[in-house]
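Trainee: Can we go through some of the labels on this one? I'd like to hear what stands behind them.

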Amino acid sequence: MSTLITIPARNESRPSAHLGLSTRGPHRASVKQRHGDAVARKVIRGMSGLITKLLGVVRACLWPVMAVAILIAVMGSAPTAESATVTGPQGGSAPGVRGEVDAISCTWRGTCSAVGGMRSPSRKVLFTVGEQKGSWGPAVAVPGLAALPGYSGTTGRFTDLSCSSAGNCGAGGSYATAKGSRAFLVNDAHGTWRKAEEVPGLARLGARSSTLGSVSCPSAGNCGATGNYTGTHGNLVPFVVSEKRGAWGNAEDVPGLAKLNTAGYADLSRVSCPSAGNCVAVGFYSAQHGKEEDTGPVAVIEKNGKWGKARAFPRIIAHSPYHDAYFADVWCDPITYCLVSGGSQVSPNGDAGFFINEVNGVWGPIPAYGAQPGPGLSPTQHGGVATFGNAAEHGNTAASSDDTMSCFSPGNCVVGGNYNDGGNPEDSQPLVVTETNGKWGGGQTLPGVAALSANSAIAYLTGLRCRSVGNCSAVGWVADGSSEGDVVFLSTEKNGVWGEAMVLAGLPAPPSGERYTALWPVLSCGAPGDCGLGGWYSFGKSPYSRRYAYLATQKDGIWSKAQLVN
């Protein structure tokens, strides 16, 4: 079955949680401009304001070099030497080492792994850090960086992390070279992180630069990943790559996608692998029709280790008068069922978000547009919004694979997103929608978040994870609307009832007169009420010049204070 809810167009003047929205019309950016922004933010997570406006004009042939240049300017440069072990998370009032936690994955109670980037006064490294029995260990530099082809020793970042069990993970991201970014992969095998490696086979595909987007690991040594590269003609081309028994194979072009992607701009934003050698990846492609470009959703399925042909959905495009639609996220169970979220532009100021199922390779019916967001929420006649997926989806991809979609069995799922009542298009409040026995209920806002964001009416959900029915944890950020800045909020559902949202405690207060900023937290849960949280905070006039990494732990539904990564 499928479900759809109307959502408005994204306003680029503020960091947006809306799933990458449409591009048609003189008031909208082109598909290449919009996705150039999105891909660059796979490397530069959560950047907004001046940087977002700059990225909005970056074209397909320029974004990799520009993204690296901006990241170096923001995070600072460093020599090529690798870092020794870095001190682990510590609480306290003094700032930690500059950097951020990019992704987190938890496999059981008090058992998590996190990855991120860190810069001390003398070097910039990529790090990993593990939690055992509720205690975070020391952060350790990723080995092998200096040996990566073209490694400049300046900067890099993770974009995703997936752990199948304690000490068995796959992760990836991109690092800077003199000619642009290159995608890398790194594995944790039985508790030991191996050396990072460039994604194999990209040179054979003609990649000038590349980034990794999404990773999913169903078992130890078995993962699937997606990313994209800039080809010899400046086109943005998706790739898929699989790991089998601890060894990554060569990156592959998606069979059949080149025939669809005639405008030369495509991406696979998310992959989900329920078992070894069996994955589903989703995203979009662009097609040239005379002077016009269509944007359409695309899916590709790996079965028994072999990637099949790209599947287009022309009827979904046909439902949009602006011929703009996409898939944004996917979740698959270990047997036969997948849930996909996406969106399509249906009016000059509104998109329509939808869900569609895949069972045994058969896709559900095409959604009918115009559904309401549900009881307790404002009507959509003024362009009300109900977006699905992480704030990092389709426009800011750099979150952990848990994100905002959880399913307990086919037809029983919970999806998080954000809602706007149709007034100011920049306003946003978190939203949770539940599917029970194949029927989607009405959307529910999270108690207490509106009060926390009373000064601004702006709050974004960035993570939602449910480990059992009626027991979920959610995180996001609130724009305070005052001189104090932006803060992280925490919400917990127990036995079907959401408690009042609270602000993450423990982060040092900013110096007198300086603004505090904490955006884009990432969340993963190993058990109901037992989760890990990571992210970055900053202070000062430029929130991106002084970032500091932090971690926090939830135990039995109670969140600890944030701990700085030193």
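Mentor: Sure, start with S214, which sits in strand 13 (residues 209-219); strands here are DSSP runs of E with at least two residues, numbered from the N terminus. Mind that this is a predicted model, where local features need pLDDT of at least 70, side-chain atom pairs count only at pLDDT 80 or more, and totals for chains, interfaces and linings use all residues. Residues are numbered from 1 along each chain as its sequence is written, and side-chain values use heavy atoms, with hydrogens and water left out.

Trainee: Why is S214 called buried?

Mentor: Buried means under 20% relative accessible area (1.4 Å probe, protein chains only). S214 has 0% relative accessibility, so S214 counts as buried.

Trainee: What makes the S214 and R270 side chains a polar contact?

Mentor: A polar contact is a pair of N or O atoms within 3.5 Å; within protein, one must be able to donate a hydrogen and the other to accept it, and residues adjacent in sequence count only if both atoms are side-chain atoms. The S214–R270 pair comes in at 3.3 Å. A polar atom of the S214 side chain also lies 3.1 Å from the backbone nitrogen of V271.

Trainee: Which residues does S214 contact, leaving aside neighbours within four places in sequence?

Mentor: With contact meaning heavy atoms within 4.5 Å, they include D160, G224 and T226.

Trainee: And why is P521 called buried?

Mentor: P521 is at 0% relative accessibility, so P521 counts as buried too. P521 is in strand 38 (residues 516-527), and its C-alpha is 8.8 Å from that of A103, 418 residues apart in sequence.

How values were computed. Helices (H or I, at least four residues) and strands (E, at least two) are DSSP runs, numbered from the N terminus. Buried means under 20% relative accessible area, exposed over 50%, partly exposed in between (1.4 Å probe, protein chains only).
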